[in-house]
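The following exercises are to be solved with the sequence and the coordinates at hand. Each task is followed by a solution that proceeds step by step.

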Protein chains: 2
Amino acid sequence: MKLKTVLLSLVIAMATNGVQAYDWQALPSKAPEPADNPTTPEKVELGRMLYFDPRFSETGTVSCNSCHNLMLGGDDNRAFSMGVHGKTGGRSAPTVWNSAFASAQFWDGRAASLEEQAKGPVVNPVEMGMSDLEKAMNRVRAIPGYQPYFVRAFGADNPMSVDNAAKAVAAFERTMITPGSPYDRHVKGEKGALDEQQQRGMKTFHEIGCTSCHSGPAFDGPTMAPGSGFFMKFPTFEDSEYVAKYDFLKDPGRLEVTGKDTDKYMFKVPTLRNIALTAPYFHNGAVPTLEEAVRVMAKVQLNKDLSDDQVADMVAFLNGLTGEFPEQVLPRLPATPGWAIGSRED
Amino acid sequence: MKLKTVLLSLVIAMATNGVQAYDWQALPSKAPEPADNPTTPEKVELGRMLYFDPRFSETGTVSCNSCHNLMLGGDDNRAFSMGVHGKTGGRSAPTVWNSAFASAQFWDGRAASLEEQAKGPVVNPVEMGMSDLEKAMNRVRAIPGYQPYFVRAFGADNPMSVDNAAKAVAAFERTMITPGSPYDRHVKGEKGALDEQQQRGMKTFHEIGCTSCHSGPAFDGPTMAPGSGFFMKFPTFEDSEYVAKYDFLKDPGRLEVTGKDTDKYMFKVPTLRNIALTAPYFHNGAVPTLEEAVRVMAKVQLNKDLSDDQVADMVAFLNGLTGEFPEQVLPRLPATPGWAIGSRED
């Protein structure tokens, strides 16, 4: 019986995948988790609260969710995200959805893990703007209602630390994944999950070479050793008119992290899941529509000019990567007794 | 049987209320609704989405929930709220919780209804910063996923109007009420719902005169004809040292709305429900703690100096006004196809 099921799955898999001779993978129903931070319900609950809480930004107005909005595509639909005092940086917020599958975090991969990533924006002057992480943590400590949540998640021995707060946020983010897209259902053998146009787009997506980088279940590259990100040069074909039009040579990418010339214009390969929800596109958010983004990628990375039909097919396919979003209850955040946020920084 | 229940209720009511000879009222389980905007599940669903959606602010970063945060006390814990581009106004955000019971909206009562209120912040340059309401509505119209929600709530005949958006937000806000506080349970006869100190504080609250303004089920004054707000002069005793200390003569209040000298320093009497969650206090958010707020009110409005015990008792009582918050699922917001918010204003 069990063998029969396995064989049946194989037959379905061959029928589905055989055509394109490519290993199309569905998104796992659980994200991988590091040995030193197993995902527990208690951490997830605390992490959700911290994720939505704006009080650890200098002005008390910016939370993780401000730029990585879980009610939207996990980002903010802005070219450049806006932090405290209306300040903006030079990159577009990547989606938090399925970030648990990424080989590294940030566009330039400067954080190896979600735990490390979570600490960055808090002290970035154009994001949450706190002067240091301990000051941010002092704000958490000054909210008595958080104490029991930290104890439940991390035990009674000094649980309210920066590292534990980051671990809780990371654990929560590992539950923010979106399986069950039409693509996933198609790969699992559900007839009609992707329509004919979408299946044509899927074929084109592979045939023109998109899958050489956007591979794996999250379309963000192969599984890598923890901490070693999957980076590619963008733009690859610098002569394309798109490169000048969208100012793609302005941002040196990972060079800024490593200082190595070989890392110039190297960026993390981002996930394509839920891409229909995350306009505008690219690290600089310069391209508003998915149609144009597909044309740009084909030309700038693969030196290919697509027909209108090919573009339409691939956009239809990419729309099939929109998954099911886990329902979640709006958290209640513990009160801020005796505070006026914005009038003090401790 | 029914008569018996009524009589029993009366006996309980007399036993509870008789001591203070004051009509302590529990919060109704439903907010009143205007004849031209009955609350329906369809409007509430749409209103919740609009309430949480930041895309109708100039920068795409400020929603109703930014300053009236439903995860917190319905406000932002800031002295002065912060809108687009980090701009601030001169007043502290009032709580949205139980605003459905208020006799008028805004500190100066310049909106007669929740429907009217909802339109204000959208075009306030220091809040959501849109140049006019139709431009904000054009942003809603440019999100195709909103259309069916408007049709379900308002019918198929041109449903996507500014007025209907405001009606939906108001209908949602009428469900954001918090009955079931220890005070409410006490008034309904539940023994031990308020402890002895809280009951002493309740008595003091009435005896020193707080209930002359903070009356009714929401502690925001008597029921008024629709649109006629319940205003009081603040500060009343201008000689108090608190008036200078907290700069209470700076804001002329309702004078700015009506232009009448008799409205100088007139402010809407705010609800005291969930007051323990809404620090800092007063229209200018100048007072961070509830203890100090109680002392200030007694002195500035009633010319009374309270003992430390009286203050502690009344703070304990006010903590008993924290209600039960209706659980709600985080809304999914329809996608913004082909947009970069912040790069255009239409």
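**Exercise 1: Two loop residues**

Asn303(A) is exposed, since 12 other C-beta atoms lie within 10 Å. The model under study is predicted.

Task: State where Asn303(A) lies, and determine whether Arg254(A) counts as buried or exposed.

Solution.
- Step 1. Asn303(A) belongs to the loop that runs between helix 12 (290-302) and helix 13 (308-319) of chain A.
- Step 2. A residue with 12 or fewer other C-beta atoms within 10 Å is exposed, and one with 20 or more is buried.
- Step 3. Arg254(A) sits in the loop between helix 10 (241-245) and helix 11 (255-258) of chain A. It has 24 C-beta neighbours inside 10 Å and therefore counts as buried.
- Step 4. Leaving aside residues up to four places away in sequence, Arg254(A) touches Asp108(A), Gly109(A), Phe231(A), Asp263(A), Met266(A) and Phe267(A).
- Step 5. For distances, the C-alpha atoms of Asn303(A) and Ile208(A) are 9.9 Å apart, with their positions 95 residues apart along the chain. Arg254(A) and Pro144(A), 110 residues apart along the chain, have C-alpha atoms separated by 40 Å.

**Exercise 2: Helix 2 of chain B**

Task: Compare the span of helix 2 of chain B with the expected value, and establish how many of its residues are buried.

Solution.
- Step 1. The helix covers residues 41-52, which is 12 residues. From first C-alpha to last it reaches 17 Å, close to the 16 Å expected at 1.5 Å a residue.
- Step 2. The buried residues are Lys43(B), Val44(B), Leu46(B), Gly47(B), Arg48(B), Met49(B), Leu50(B), Tyr51(B) and Phe52(B).
- Step 3. Because 9 of the 12 residues are buried, helix 2 of chain B is largely enclosed by the rest of the structure.
- Step 4. Among the elements covering these buried residues are helix 3 (64-67), helix 6 (147-154) and helix 7 (162-173) of chain B.

**Exercise 3: The relation between the chains**

Task: Identify the operation that superposes chain A on chain B, and describe the contact between the two chains.

Solution.
- Step 1. Chain A is superposed on chain B by a rotation of 180 degrees with 0.0 Å of shift along the axis, at an RMSD of 0.0 Å.
- Step 2. The two copies are therefore related as by a two-fold rotation axis.
- Step 3. Within chain A, Val329(A) has the C-alpha nearest the axis, at 2.1 Å.
- Step 4. Chain A gives 42 residues to the contact, and chain B gives 42 residues. The side of chain A that touches chain B comprises 22 nonpolar, 15 polar and 5 charged residues.
- Step 5. The copies meet through the same surface, because 100% of the interface residues of chain A are also interface residues in chain B.

Key:
Residues numbered from 1 in each chain as written. Chains lettered and ligands numbered in written order. Predicted model: local features only at pLDDT ≥ 70, side-chain atom pairs only at ≥ 80, totals over all residues. Helix = DSSP H or I, 4+ residues; strand = E, 2+ residues; numbered from the N terminus. Expected span 1.5 Å × (residues − 1). Contact = placed C-beta atoms within 7 Å. Least-squares fit on C-alpha atoms with pLDDT ≥ 70 in both. Nonpolar A, V, L, I, M, F, W, Y, C, P; charged D, E, K, R; others polar.
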